[in-house]
Amino acid sequence: LMFFRTPFLYESKDGMKHSDAYNYIIYPPKSDAKHGSSEVGFVNDWIFFSDNMTGDLIKKFNLPIFEPFKIGNQSIIEPYIKRIEHEKNYKYKGFEERITVVIIDMLIALGREWELEGKKVNRAYNAIDSTRRFMLENYSEKITVEMLGKRANFSTSRFCVLYNKFFNSTPIDDLL
């Protein structure tokens, strides 16, 4: 599991691709993790784990494998890594079991954030889609992008960004 604080390159089934900063990527245990810098150097937090329970948690929360993903709480992994480092450095009695518990807790927290992110995207998509249908059904009326943004409860610029993300087009292009 890696968390990149800077833009990075990663290998997908289609070859090397660019990913934005503040994305996570999960590689299954014993897989080749191929990634690198898209600029001069990169900064990332990472953790290796190889436990059967973690695979079940990754599946339970439908966390993406081999593909970067973003969640709202961008630094969720950092405190977990610090706890794991602490346990590894001091090797208190039961440290290995504690590390397993921390990794499981980390994956649960990451999975919950990912699930929440999906709900946010779905709510945004539903609002933009509903507004788009209104626009297309009422094309003969005087419709402005500002009006559409308000209807979807977004600023005009945010509405346009999300519209383009969801429909690969602009509201003006679709209206025309």
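This passage walks through how helix α3 packs against two other helices, a pocket beside it, and a salt bridge. The model is a predicted one, and residues are numbered from 1 along the chain.

Helix α3 covers residues 95–137, and one of its partners is α2, made up of residues 77–90. The axes of α2 and α3 come within 9 Å and cross at roughly 175 degrees. Angles over 145 degrees count as roughly antiparallel, so α2 is roughly antiparallel to α3. On the α2 side, the contact takes in I77, Y80, R83, I84, E87 and K88. These meet F95, R98, I99, V102, I103, D105, M106 and A109 of α3. Sorted by class, that contact has 9 nonpolar and 5 charged residues, with no polar ones.

Two of those charged residues also pair up. In general, side chains of opposite charge can pair when their charged atoms come close. Here E87 and R98 form a salt bridge through their side chains, at 3.8 Å from N to O. The pair ties helix α2 to helix α3, with the two positions 11 residues apart in numbering terms. Over the whole structure, a search turns up 9 salt bridges.

The other partner is α5, residues 156–167. Its axis and that of α3 come within 10 Å and cross at roughly 90 degrees, which means that α3 is roughly perpendicular to α5. From α3, the residues involved are V121, A124, Y125, I128, D129, T131, R132 and M135; from α5, they are F159, L162, Y163, F166 and F167. This contact breaks down into 10 nonpolar, 1 polar and 2 charged residues.

Then there is the second largest pocket, with about 250 Å³ of space in it. Its lining is built from K70, W114, E117, K120, V121, A124, F154, R158, V161, L162, K165 and F166. Helices α3 and α5 are the elements that give two or more residues to this lining. By class, 7 of the lining residues are nonpolar and 5 are charged, while none is polar. V121, A124, L162 and F166 turn up both in the lining and in the contact of α3 with α5.

Notes:
Predicted model: local features only at pLDDT ≥ 70, side-chain atom pairs only at ≥ 80, totals over all residues. Heavy atoms only, no water. Axes fitted to C-alpha atoms, helices over the stretch in contact; angles between N-to-C directions. Helix = DSSP H or I, 4+ residues; strand = E, 2+ residues; numbered from the N terminus. Parallel < 35°, antiparallel > 145°, perpendicular 65-115°, else oblique. Contact = heavy atoms within 4.5 Å. Nonpolar A, V, L, I, M, F, W, Y, C, P; charged D, E, K, R; others polar. 1 Å grid on protein atoms, 1.4 Å probe; cavity = no way out; pocket = protein on both sides within 12 Å on 5 of 7 lines; lining within 4 Å. Points joined across faces, edges and corners; volume = space filled by probe spheres on them. Salt bridge = Lys/Arg side-chain N within 4 Å of Asp/Glu carboxyl O.
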